[in-house]
Amino acid sequence: MERVMVGQKEWLYRLGRAWVAFFLLSEIVVFSIIGTGFFSARNFQNILVAATTILLLAAGETFVIITGGIDLSVGFVMGLACVVSAKIMVMLQAASVPQGLAILLGCAGALLFGLLPGLVNGALVAKLRVPPFIATFGMYGVAYGLSEILCNNVPISGLPPLVGFIGNGYLLYYLPGKALTFFGPPQGISRADIRAMILLFPNVFVFSIIAVAIFGFVLARTQFGQHIYAIGGNIDAARRAGIPVEKHLIRVYMISSFFAAMGGVMYTLRFVTGRADAGAARMLDSVVAVVIGGASLYGGTGSMVGSIIGTLIIAMLETGMVNLGLPTYNKYVYVGIILVLAVLIDQFFPEFVRKGE
Amino acid sequence: MSRTQLVARIGRNWVVLFLFLLCVIFSFTGRGFLSLKTLNNILLTSSPALLLAAGETFVIITGGIDLSVGFVRGLISVISAIVIRDLYALGYSPYFAIFCGIVVGVLLGLLPGLVNGILVARFRVPPFIATLGMYGIANGLALRYSKGFPITFLPDEVGEIGNGFFFYLLPGRLFTVFEKPLGLTEAEARNLVGIVPYATVIAFALLFVFGFVLSKTQFGQHIYAIGGNIDAARRAGIPVEKHLIRVYVISSLFAAFSGVLSTLIFSIGTHTQFAASLELFAIAAVVIGGASLMGGKGSILGTALGVFVLSVLEVGFLMSGILPFYRYIAVGTILVFAVVIDQLFPEIVYD
Amino acid sequence: MEGERRPLLEVRNIVKRFGGLVAVNRVSMEVYPGEVVGLLGDNGAGKSTLIKVISGVYRPDEGQIFFEGREVRITSPMDAIRLGIETIYQDLALAENLNVYSNIFLGRERLKKLFNLIPVLDHEYMMQESKKVLDRLGIEIPSLRNKIKTLSGGQRQSVAISRSIYWNAKLLIMDEPTAALGVTEQRKVLNLVKTLSAQGVAIIIISHQLYDVFQVAHRLVVLRRGEKVGERLTHETNPDEIVSLMVGAELVEGGRRG
Amino acid sequence: MRKILVALVLVTLVVGILVGGVFAEGKKPKIAWCPAISDPFYYMIGKGIADKCKELGLELFVAEYPKAWGPEVQVPILEAVAARGDIDVIITGPTSKDALIAPLKRIHDMGIEIITVDTYIGDGDYSKPSEYSFPLTFIGTDNFQGGVEIAHRLAEMIGKKGKVFVETTNPDVSSVVERVEGFKKGMSEYPDIEIVGVEYCLDIQEKAQQQVAAALAAHPDIVGIFGTNLYSAQGAYQAVVNAGLAGVVKIASWDATEDLIKALREGKVDLVLAQKPYEIGTLAVEAAYQYFVEGKEIPKRMVPGFFFFTRDNVDDPEAQQYIYRAD
């Protein structure tokens with residue numbers, strides 16, 4: 001039973017639909033008013049950096065959820081990629097490969113390796129008709145086991161120092177009236193100056209947002225994306241329309257685990273270590289972000305923009321509460337409530353019907 | 001019974017064979033695996049998991065899923081521990097304190113399920129979401145009340161009940177009931193074997209009762225009906241909404257049982273870190289036990305078998321000196337196989 | 001109208017067995033361009049089996065299928081669609097979460113190059129094209145940007161139909177098109193059927209509602225227990241005769257047209 | 001429309017970025033205390049810090065006590081605190097000696113001084129220049145020495161022979177790693193003592209309890225157990241009690257929580273090493289004060305001693321100050 005709202009006041013309707021964005025705005029406003037230094041370059045950039053993990057996992061999850069599936073493995077696939085990248089870097093460094101190359105190969109290797117779990121998930125779901133929940137939960141166990149074995153339970157350390165420099169560096173370093181440098185702080189400046197320096201665009205965030213933007217475009221504008229929505233909306237219709245559903249699903253799950261792998265690589269860059277449990281805590285957060293962003297677990301709806309907003313809502317909440325010195329355990333409660341509210345609102349929000357073009 | 005039927009039967013009960021196989025293998029690889037001590041150890045440690053999975057079974061049969069059980073368990077464990085601690089500190093008898101702790105815990109355990117059920121049944125919120133919301137809420141509350149670290153200062157009786165046995169056997173020497181024999185030498189203390197843990201008995205009793213409800217009563221029948229085809233169930237005049245709510249209440253009730261039991265076993269209020277992904281393993285057990293996430297299938301017995309597969313794996317790997325991480329790989333693989341096998345073998349048709 | 005032209009579709013002595021029972025037994029029939037054929041029969045008469053054979057869901061055990069004069073093997077629904085045989089199912093294969101024109105172009109989306117480099121969906125084009133075909137068939141839908149889930153059953157059906165027409169289906173198979181529709185909607189669909197046949201599209205229509213079939217069909221083919229028991233021109237017969245054929249109340253001689 | 005709103009959000013962010021770095025800089029040092037995890041030990045450090053700040057009239061911001069141990073939990077908190085802009089010194093216990101180097105460096109580059117307590121980054125030697133020598137100082141127990149002494153005392157208790165087992169938390173946390181190393185070093189002097197295993201409970205008491213129970217099942221003849229922090233030790237003695245081996249298996253524990261002291265009194269634990277968290281806290285604040293106000297150079301490493309609780313001295317009045325009290 002679809003609730004519908006008929007009329008031409010489309011912008012009004014859209015306004016209502018975009019309540020999540022409003023929610024995010026109000027979050028920013030509130031915390032900026034009552035928080036200390038919340039409304040500041042560093043803080044917002046920290047939030048963006050801290051959000052990268054959820055953002056990347058959520059980006060991948062968005063694709064899967066739109067097809068009506070779910071990917072529980074992203075958390076530990078991320079850990080696996082994190083460990084793999086770290087291991088490669090350490091090994092290459094030991095083989096006295098130049099830092100930069102070692103890091104590059106480490107990241108590339110991990111990203112490639114990260115496609116595998118997705119391939120398996122996709123094959124299980126598409127070819128063997130295993131429910132996504134089960135297939136990806138199986139991968140959840142396998143990925144975690146593998147990564148712990150790879151690093152035998154000790155986070156991998158001793159990576160090239162350049163790693164941390166990249167992972168925690170910014171694109172722009174601007175010292176008002178004194179200096180403007182790229183990728184690294186200007187040399188030989190006083191501690192006092194450092195504090196006044198403005199750092200813009202954290203590398204990690206830049207990498208992530210580029211990937212997210214590209215795939216967001218693919219989802220929204222291309223035939224590939226359109227078919228993902230079709231599959232989520234009515235898989236039989238998609239089949240009858242001649243869409244190679246199986247192939248498509250496999251690709252979708254590969255995208256998901258690619259993003260997870262990217263999350264792992266970013267973690268390695270930020271923390272200069274390879275940890276198997278890198279993304280464990282964020283798996284469900286990413287699902288939450290996607291759903292708050294307007295996707296339905298029944299498939300067919302959802303968007304990258306929505307998932308980004310969902311991610312920011314969670315990240316803002318976390319940082320805001322720390323900024324206020326509030327214990328973050330309340331965060332879990334709030335997020336839980338927001339999640340359910342999001343779905344309720346979505347459900348009781350009417351479908352819009354245009355009377356004419 | 002025709003050959004195909006036989007094959008089907010074997011295929012559908014593969015988990016029994018598998019469990020048996022595991023035990024055989026581990027009794028070779030694991031030093032001291034095949035022993036009363038180990039058996040009791042497995043029984044004891046798997047009891048809370050059994051309860052968690054049993055509750056999940058009901059929900060999964062309706063075609064839903066309950067992600068909140070893990071943290072509901074944590075929350076209830078913390079709360080019951082706090083009640084016990086404070087009453088004991090106020091000078092009440094330990095047994096009274098424990099009794100109150102259990103009662104309060106179980107009663108509070110009804111609430112999350114009620115909320116989940118109403119959200120799912122009345123407001124049509126997808127079970128995954130509704131219970132994921134509760135997952136966060138329970139987690140947050142548990143952390144608030146536990147301040148993030150275990151609730152200690154419980155009376156010794158807690159641990160004694162949680163880890164007590166009906167029988168104590170000192171091989172060849174003596175045999176006591178309920179009470180540990182006193183005045184043992186060091187050597188004797190090491191050899192003492194407990195048989196039939198209280199915790200397991202409690203768990204089994206609950207499983208039996210609810211297993212009966214599920215398989216023998218109209219209530220249970222309707223749960224399968226809802227899982228099989230909710231519209232048909234509705235048309236057949238089954239009060240689907242009411243029924244679903246009850247099912248989710250049962251699920252979180254079992255989570256509460258599990259929480260209380262873990263308090264008794266660990267003799268602390270265990271906050272939620274450890275509970276994380278417990279719900280996933282409960283679900284894994286249910287599925288390995290032959291249930292389908294599409295609903296309409298599953299049984300308490302199957303779930304119990306599933307749980308034992310998991311805990312035998314854990315203990316077996318441990319005693320065989322295999323890295324614990326291989327267990328995750330094993331679980332993941334078995335889980336997928338369970339579903340694939342289930343699809344391979346046809347329903348049994350009697351002619 | 002038949003006779004002088006060669007049939008669009010001709011099936012000869014089709015047999016389809018399921019294990020023991022014979023669902024379709026040596027059934028032959030033909031459909032001419034622009035002709036509406038009503039396929040009638042009681043439940044289990046073999047209507048839908050025959051349909052599924054024609055639309056490639058089942059493969060016949062015996063018999064031949066000719067399309068536009070050439071013998072064809074239809075081994076999958078895709079084959080049928082490629083030939084121009086489209087089946088409008090009751091559950092309408094539409095993606096409810098997508099809008100009208102996206103469904104009409106589903107799987108065959110029109111793309112345009114962004115900065116003549118990246119291929120992206122050409123919404124404007126798809127919308128205009130869809131408008132055209134809908135107008136051609138006299139279908140009214142307020143806005144093609146509305147999602148299918150907001151449309152009525154009849155509207156959905158006409159979208160499904162216009163979709164197949166746009167991809168120039170030559171033969172439409174409609175399985176219970178008027179089932180589960182309001183009266184006005186039913187009328188609309190039947191009018192649409194007339195429009196289609198007027199535009200040269202051949203149609204096989206299955207329906208339990210004799211009244212509907214009599215309204216639109218030129219010719220009626222009656223099946224019973226997998227066999228063809230009769231074939232009549234609509235204007236030469238009446239519901240009673242057809243019913244008696246369906247239920248086999250009386251023996252019918254000379255059923256086949258010579 | 002949604003897009004417009006997104007744009008709006010972005011605009012706010014950008015505006016924020018532009019006005020960024022324009023916030024007031026506190027003249028007298030404002031201290032931020034970012035605990036590594038919520039446990040009695042860190043609460044004691046916090047108490048020391050709070051009291052000292054009051055005494056010296058310094059402003060203090062206390063971040064939340066994280067409920068889980070690990071960089072992915074700690075780093076966002078640290079960054080959020082640093083971003084407040086009004087902080088001059090962050091006192092914290094790094095949750096990983098590798099993973100925290102880069103993030104802390106970044107915070108340090110924001111002009112904020114770092115003091116690490118209890119745990120350190122790198123190898124803990126901030127005196128010689130290196131990737132991780134930027135913190136002001138490290139203040140913490142000499143964990144290695146503590147491990148050695150515990151080894152000797154435990155060896156005495158078990159008659160210098162038999163199997164011992166070590167329950168610890170994480171393999172990449174400087175403090176506990178050193179305790180284990182010290183313990184091994186100390187035990188190496190006793191040829192008849194065998195360390196049959198080291199398990200990691202990741203600061204989860206139930207896990208510690210299960211691991212010790214399993215160890216007791218696999219090696220029924222274990223005579224001594226070393227729990228390298230409160231969760232490890234608390235879990236260990238619970239397991240031993242449940243196995244009915246209280247008093248039979250000797251337990252040496254690190255950290256003097258009320259729970260462990262109670263267990264010591266009841267004979268469930270036999271030795272408790274108390275660090276001096278309160279003193280660690282006060283030292284940290286003094287260091288910050290001296291560095292900022294008096295402009296003194298401060299030692300790169302400060303090591304408060306520790307105190308051993310045994311059943312004999314557990315009730316001595318002067319011993320009571322060393323018990324960790326969570327509230």
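These are legends for a set of close-up views of a predicted model.

**View 1. Where the chains meet, and where they don't.**
Four pairs of chains are in contact, and the pair that shares the most contacts is chains A and D. Two other pairings come up empty. Chains B and C do not touch, with 16 Å between their nearest C-alpha atoms. Chains C and D have no contact joining them either, and their closest C-alpha atoms lie 16 Å apart.

**View 2. Chain D against chain A.**
Here 46 residues of chain D meet 50 residues of chain A. On the chain D side, the elements giving two or more residues are helix H1 (2–19), strand S2 (59–62), helix H3 (71–83) and helix H4 (101–109) of chain D. Which of them puts in the largest share? That is H1(D), with 10 residues of the side that touches chain A. As for chemistry, this side of chain D splits into 25 nonpolar, seven polar and 14 charged residues.

**View 3. Chain A against chain B.**
Each partner brings 36 residues here: 36 from chain A and 36 from chain B. Look on the chain A side for helix H7 (132–150), helix H14 (283–292) and helix H16 (329–348) of chain A, each of which supplies at least two residues to the side touching chain B. H7(A) has the largest share of that side, at 14 residues. Sorted by class, the chain A side holds 28 nonpolar, six polar and two charged residues.

**View 4. A three-stranded sheet in chain B.**
The strands of this open sheet in chain B come in the order S2-S1-S3, and their pairing is antiparallel. Strand S2 (174–177) and strand S3 (193–197) of chain B are the edge strands, each pairing on one side only. From one strand to the next, the twist averages 15°. As a reminder, strands of a sheet pair through backbone hydrogen bonds, either parallel or antiparallel.

**View 5. Zooming in on S1 and S3, with a helix packed on the sheet.**
Strand S1 (residues 165–170) of chain B runs antiparallel to S3(B), and four bridges join the two. To find one of these pairings, start at Leu169(B): its bridge partner in S3(B) is Val193(B). Packed on the sheet is helix H10 (residues 198–216) of chain B, which touches S1 and S3 of chain B. The direction of H10(B) makes about 15° with that of S3(B).

**View 6. Two helices crossing in chain B.**
Helix H4 (residues 69–89) and helix H14 (residues 278–288) of chain B pack with their axes 6 Å apart, at an angle of about 125°. How should that crossing be classed? The angle makes H4(B) oblique to H14(B), because it falls between the roughly perpendicular range, 65 to 115 degrees, and the roughly antiparallel one, over 145. The residues that meet are Val69(B), Gly70(B) and Arg73(B) from H4(B), and Leu278(B), Glu279(B) and Ala282(B) from H14(B). By class, this helix contact has three nonpolar, one polar and two charged residues.

**View 7. Chain C as a whole, before the loops.**
Chain C is built with eight helices and 12 strands. The C-alpha trace of chain C spans about 70 × 40 × 40 Å along its principal axes. Its radius of gyration is 19 Å, which agrees with the value near 18 Å for a compact globule of 258 residues. Of those 258 residues, 45% are buried. Among contacts in chain C with a separation of 6 or more, 66% come from residues 24 or more positions apart.

**View 8. Glu68(C), a positive phi outside glycine.**
Glu68(C) sits in the loop between strand S4 (62–67) and strand S5 (70–72) of chain C. Its phi is positive, about 55°, although Glu68(C) is not a glycine. Is this residue buried or exposed? Glu68(C) has 15 C-beta neighbours inside 10 Å, so it counts as partly exposed.

**View 9. Arg225(C), in another loop of chain C.**
Look for Arg225(C) in the loop between strand S11 (219–224) and strand S12 (227–233) of chain C. Phi of Arg225(C) is near 45°, a positive value in a residue other than glycine. With 15 other C-beta atoms within 10 Å, Arg225(C) is partly exposed.

Conventions
Residues numbered from 1 in each chain as written. Chains lettered and ligands numbered in written order. Predicted model: local features only at pLDDT ≥ 70, side-chain atom pairs only at ≥ 80, totals over all residues. Pairing = 2+ DSSP bridges. Axes fitted to C-alpha atoms, helices over the stretch in contact; angles between N-to-C directions. Contact = placed C-beta atoms within 7 Å. Nonpolar A, V, L, I, M, F, W, Y, C, P; charged D, E, K, R; others polar. Rg over C-alpha atoms; globule rule 2.2 N^0.38 Å. Buried ≥ 20, exposed ≤ 12 C-beta atoms within 10 Å, placed from the backbone. Parallel < 35°, antiparallel > 145°, perpendicular 65-115°, else oblique.
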